[in-house]
Each structure stands twice: as structure tokens, then as C-alpha cells.
Amino acid sequence: MPKNNVLSKINVLVALDKTGYNGNIHGGGRFFFNVVSKIDRERFNIVPCILRKEDSLKSDFEKQGINVKYLGRGRFDPFVLFDFLKLIKHEKIHVLHLNSFSSQQFGRIAGVITGVPSIIHGHGIDYRCSWYQLLSDLFLAKFTEKVITVSTSVKEDYIKRRKINPSKVIVMPNGVPVEDFIPIHEQKCREVKEHLGIRWDWHVIGTVTRLREEKGNQYLLETAAKVLNVLPNTCFLIVGDGPLLNELKQLAQQLGIEKKVIFAGFQKDVASMLSIFDIKVLSSITEGHPLSLLEAMTIGKAIVATAVGGINEILRDGETGLLVPPQDPQTMAKKIIYLLQHEQERARLGTRAQEESRKYGLDAYVRNIERVYEEVAEQLFKL
């Protein structure tokens, strides 16, 4: 934006439905914090807004002098609209940056009422959308100024299913804070393994995930049973929480592998968890552009992942990781066994993944988002 512009700053309301599960931060929350905390405060006044009640992210923001607006609302609470209208008026908002479904719907309606342009951010493909949600999309599509999508697959979904004009859609792959993902030293790895009850000489196959159906963790457990049958000195470490925790624990018992599968729950220090992985796995049925995959690449881990959505756009099979069909435990097990038996190939894939991760730096990502803010504000004020 030109320095002689009448606006000293662009005021942006950045809204997200929720940051995670049971108060713990997942991918959406990490994205929210990463972006908001790095936006240039000399040029932008960011007003962060979360639709749900206060969570553990609040203290992280407060340490940086950022005040987050928590609305304490449910997913379909119509009073979210009135909250948005009040915030737009009180904070003199120029641009709406809307993440997640409820924020996108209520935020765009508020934008129509107030004349404030909306940017919606597509982080994944939500197959649970009901007919009335899609109907509201049909109406609100023409009132959407820009759409940022994390991958080409998400872009195609927004164009086809959510009826967005292709000329409005920008593909912008996620960024990751490289400085937060440095491998820990060997002694620390020993301590982490000991804390988790993992023997030092065991291989660790790990994932950082949400325990939800679309993440395909039931197929990971079936994979684990096949791997353990061949290589018993292995354990599977599942980092994360979600509504399927008890169901997945029961499945591990049914498969007879409960002693070799560790459900570590939410872990704030993801870098330490990744550091003890020999292989990072991702068994998702659908994906946008997973941060957990970029984080594993940054720390230099060999990866076996399902060839779905944005994963296909991140990994090159045989070069920066190994891709397998979704819902195919047999093939995933074969790939994992192969890598466990070929240490040099694990090291090669990890090194190549780490080199590839450099293109996903967070600073460049945030600068790109700032440019979108400026473009939308310039169109609004005809600067």
C-alpha cells in the first residue's frame, strides 16, 4: 500500500471457528497463531477472533501482546453474525479473513451488510457439508472477494462444490516455522523415549494427527499389526487427540497390538516427538495441505503417506517420500518394512524431504497473505 495513503494501517479481522479439540491446539490453531503473530504490525492491525470459548492459545498470544476475541459460540449459533457486525464497527475493519466454515458463512453475511470485503481461506475439503450449507455457499459465492486455498485439490473443490469463480481463487501452500523444528540431540531422544515407555533399541513409527475418521488412523493400526508381525522390535506412536480415541484403543486391543501402540495424546513439543520417529506416517483418507507433514519434512524424517489431496502436491514418490493408496494397510506395511530394513534409504528420503521443506518457509507465506490483504483493500478504497 502506498505510504501516502490516507489509511495508516489496514484493519483485518482474522476469524477461525476453533483452534483444536478439548482445548488443545491442532493444525488450524497452529496456522492461526503462526500467521497472526508474524503479520507486520506497522502495516496491519490484526484483530484475531475465535468463535469458541477461551483456550490454551490465549496465553501464547498474550505473551506477544496480542488480544484475541473469543466469542464463546457454537458452530451454527446465529448470534455469531451480530458479534461480527459489532467487531467490524468497533474495530473499523477494512478486510475480513475468514477461516473455517462458520466463520466463512457468518463473516461473509456480515461483509455484505457492512460493505467490508471477504477473503475466505480453504484449508481442506469438508465432506460433511450439508445441503443447506452448500446452498448458503451458492448465495455467498458472489460476495467473496478472494479465496486462498492450501492446495490445487482444495481449489478444485471450492470451484466445483462451493461455486467460487475460478478467477478469485489463489493457491497458497502452507508455511511452517522452520526455527521451531530442529531435531533434538541423542540424549534428549533417549529421555523422551524413556518417558513414553519406549525401549531405546526399538524403531518408532509415528504420526501427529487428529483422531478423526478422515485421518484414517484405523488403517494405520491395521498397518501396525502387519509390520509388528514381521518386525516386533517396533512401536507405533500416535500423537494427538480426538473423538475416536477410545474406539482406536479398542481396535488396538482387538488386533493384539496394544502393547506396541502408544497413544501419546496432545503434545505441545511436536519437534521432540518427531525427533524420535524413524518414519513419519500419514494415513489420511483426505487432506488439504497438512502442516504435520511439512513439520516432519523440516526435521528431516523419512515419510510414508497416502496419495490423497495436497499430499500429492507436497511429496514426490520415491524422491521426498513414499506414497501409497489410501485405506490400503497391506501396501503401507510393505513400504514401512522396506524402509526399516534399509537405513540408507530412510536417510536419503529424510535428507531430500528436508531440502524440499525449504520452499515452505513461514515468512514468505505470511508476506504473500499480506499482499492479498493489500490487494483487497486497494480495490475497496480504489487506491
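**Close-ups of two helix pairs and a pocket**

**View 1. Helices α13 and α14 cross at roughly 105°.** In this predicted model, helix α13 covers residues 329-341 and helix α14 covers residues 343-357, and their axes come within 5 Å. Angles from 65 to 115 degrees count as roughly perpendicular, so that's the label for α13 against α14. Look for Tyr 338, Leu 339, Leu 340 and Gln 341 on the α13 side; they meet Glu 343, Glu 345, Arg 346 and Leu 349 of α14. Sort these contact residues by class and you get four nonpolar, one polar and three charged.

**View 2. Helices α4 and α5 pack at an angle of about 40°.** Here the pair is α4 (residues 101-114) and α5 (residues 131-140), with axes 11 Å apart. That angle makes α4 oblique to α5. The crossing of α4 past α5 is left-handed. From α4, the residues to find are Phe 101, Gln 105, Arg 108 and Ile 109, which meet Gln 133, Ser 136, Asp 137 and Leu 140 from α5. This contact has three nonpolar, three polar and two charged residues.

**View 3. The second largest pocket has a volume of about 210 Å³.** Which residues line the second largest pocket? Going along the chain, they're Ile 184, His 185, Glu 186, Cys 189, Lys 193, Trp 200, Ser 275, Ile 276, Phe 277, Asp 278 and Lys 301. Helix α7 (residues 186-196) gives the most to this lining, with three residues. By class, the lining splits into five nonpolar, two polar and four charged residues.

Notes:
Residues are numbered from 1 along each chain as its sequence is written. This is a predicted model: local features need pLDDT of at least 70, side-chain atom pairs count only at pLDDT 80 or more; totals for chains, interfaces and linings use all residues. Side-chain values use heavy atoms; hydrogens and water are left out. Axes are lines fitted to C-alpha atoms, for helices over the stretch in contact, and angles run from 0 to 180 degrees between N-to-C directions. Helices (H or I, at least four residues) and strands (E, at least two) are DSSP runs, numbered from the N terminus. Angles under 35 degrees count as roughly parallel, over 145 as roughly antiparallel, 65 to 115 as roughly perpendicular and the rest as oblique. A crossing is left-handed if the near helix is turned anticlockwise from the far one by less than a right angle, and right-handed if clockwise. Contact means heavy atoms within 4.5 Å. Ala, Val, Leu, Ile, Met, Phe, Trp, Tyr, Cys and Pro count as nonpolar, Asp, Glu, Lys and Arg as charged, and the others, Gly among them, as polar. On a 1 Å grid over the protein atoms alone, a cavity is a set of points where a 1.4 Å probe fits but cannot get out, and a pocket is an open set with protein on both sides within 12 Å along at least five of seven lines; lining residues have an atom within 4 Å of a point. Grid points are joined across faces, edges and corners, and a volume is the space filled by probe spheres set on the points.
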